[in-house]
Every structure is written in C-alpha cells, then in structure tokens.
Amino acid sequence: MSEHLRICRKCHLYQETEEEFHKKLGEYIANLDEDARVDQETYEQRLAICEDCPHILNGMCRLCGCFVELRAAIRVRKCPDVERKW
C-alpha cells in the first residue's frame, strides 16, 4: 500500500505576500464549479454576517479554521457556530 502525503497549504502562507494569497484565493473561488458556488448576492450576505462575528480573526474562523471567503462561497457550507448565522 502506498502512502499518500497530505500537504497543508496553510503552512506555506509565510512564503507568500498577503496580496498574493488573496489573489490566489480569489482565483480559486472564481474557478469553483457553478453548481458548487453560491450566487454573488448570497456570497456577499454571508461575508457581511461573518464580518460582525466575534469568532473571526484575520479572515479566519476560529471555530473551524476555515478562511471565511472560501467557506462563504461554497454552496454546501454552513456557518460552523452552534447557532448558525447562515
């Protein structure tokens, strides 16, 4: 049985500028399959809710460790809080 290594892409953030990271994240979100992605209005509503959340720190959810921009863009994702906000 061959071993497969999982690479945590987050560990490599120190090698990129913040601008490069956000550009790549934006490109990733833009390239999501349309069936997997929410519409722009829903995306913006989700981000607006996250903006006021006390669990968000530097664009990352402290409850689940996700980048909120990515979680908000994916249709099947939900707010990880016990009392979901979206």
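User: How far is the sulfur of Cys-79 from the closest cysteine sulfur, and in which residue is that?

Analyst: The closest cysteine sulfur belongs to Cys-53 and lies 6.1 Å from the sulfur of Cys-79, which is too far for a bond. A disulfide here is a pair of cysteine sulfur atoms within 2.5 Å, and by this rule the count comes to 0 disulfides. Cys-53 is accordingly in no disulfide, with Cys-79 holding the nearest cysteine sulfur.

User: What kind of model is this, and how are the residues numbered?

Analyst: This is a predicted model, in which local features need pLDDT of at least 70 and side-chain atom pairs count only at pLDDT 80 or more, while totals for chains, interfaces and linings use all residues. Residues are numbered from 1 along each chain as its sequence is written, and side-chain values use heavy atoms, with hydrogens and water left out.

User: OK, back to the cysteines: is Cys-79 buried or exposed?

Analyst: Cys-79 is buried, at a relative accessible area of 7%, where buried means under 20%, exposed means over 50% and partly exposed is in between, using a 1.4 Å probe and protein chains only. Cys-53 counts as buried too, at 12% relative accessibility.

User: What about the whole protein, how much of it is buried residues?

Analyst: Of the 86 residues in the protein, 26% are buried.

User: And how many helices and strands are there?

Analyst: There are 3 helices and 2 strands, these being DSSP runs numbered from the N terminus, with helices (H or I) of at least four residues and strands (E) of at least two. Reading from the N terminus, the order of the elements is α-α-β-β-α.

User: Where does Asn-58 lie?

Analyst: Asn-58 is in the loop that joins strand 1 (56-57) to strand 2 (60-61), and it counts as exposed at 74% relative accessibility. Its phi is near 55°, a positive value in a residue other than glycine.

User: Switching topic, how many cavities of 30 Å³ or more does the structure hold?

Analyst: There is 1 cavity of that kind, and about 80 Å³ of space lies in the largest cavity. A cavity is a set of points, on a 1 Å grid over the protein atoms alone, where a 1.4 Å probe fits but cannot get out, and its lining residues have an atom within 4 Å of a point. The points are joined across faces, edges and corners, and the volume is the space filled by probe spheres set on them.

User: Which residues lie nearest its centre?

Analyst: The largest cavity has 14 lining residues, and those nearest its centre are Cys-50, Ile-56, Cys-61, Cys-79 and Pro-80. The lining divides into 10 nonpolar, 1 polar and 3 charged residues, where Ala, Val, Leu, Ile, Met, Phe, Trp, Tyr, Cys and Pro count as nonpolar, Asp, Glu, Lys and Arg as charged, and the others, Gly among them, as polar.

User: Cys-50 is on that list, so where does Cys-50 lie?

Analyst: Cys-50 is in helix 2, which covers residues 40-51, and counts as buried at 10% relative accessibility. Leaving aside neighbours within four places in sequence, Cys-50 is in contact with Ile-56, Val-68 and Trp-86, contact meaning heavy atoms within 4.5 Å.

User: Is Arg-46, also in helix 2, buried or exposed?

Analyst: Arg-46 counts as buried, at 9% relative accessibility. Not counting residues up to four places away in sequence, Arg-46 touches several residues, among them Val-38, Arg-71, Ala-72 and Trp-86. Its C-alpha atom is 8.8 Å from that of Val-68, 22 residues away in sequence.

User: How far apart are the C-alpha atoms of Lys-78 and Arg-46?

Analyst: They are separated by 9.4 Å, although the two residues are 32 residues apart along the chain. Lys-78 lies in the segment after helix 3 and is partly exposed, with a relative accessible area of 36%. With the same exclusion of residues up to four places away, Lys-78 touches Arg-71, Arg-84 and Trp-86.

User: Last thing, which residue forms a salt bridge with Asp-81?

Analyst: Lys-85 does, with the closest N and O atoms 2.4 Å apart, and the structure holds 1 salt bridge. The term means a side-chain nitrogen of Lys or Arg within 4 Å of a carboxyl oxygen of Asp or Glu. Lys-85 is partly exposed at 33%, whereas Asp-81 counts as buried at 16%. Asp-81 is found in the segment after helix 3 (68-73) and, not counting residues up to four places away in sequence, touches His-55 and Leu-63.

Technical notes:
On a 1 Å grid over the protein atoms alone, a cavity is a set of points where a 1.4 Å probe fits but cannot get out, and a pocket is an open set with protein on both sides within 12 Å along at least five of seven lines; lining residues have an atom within 4 Å of a point.
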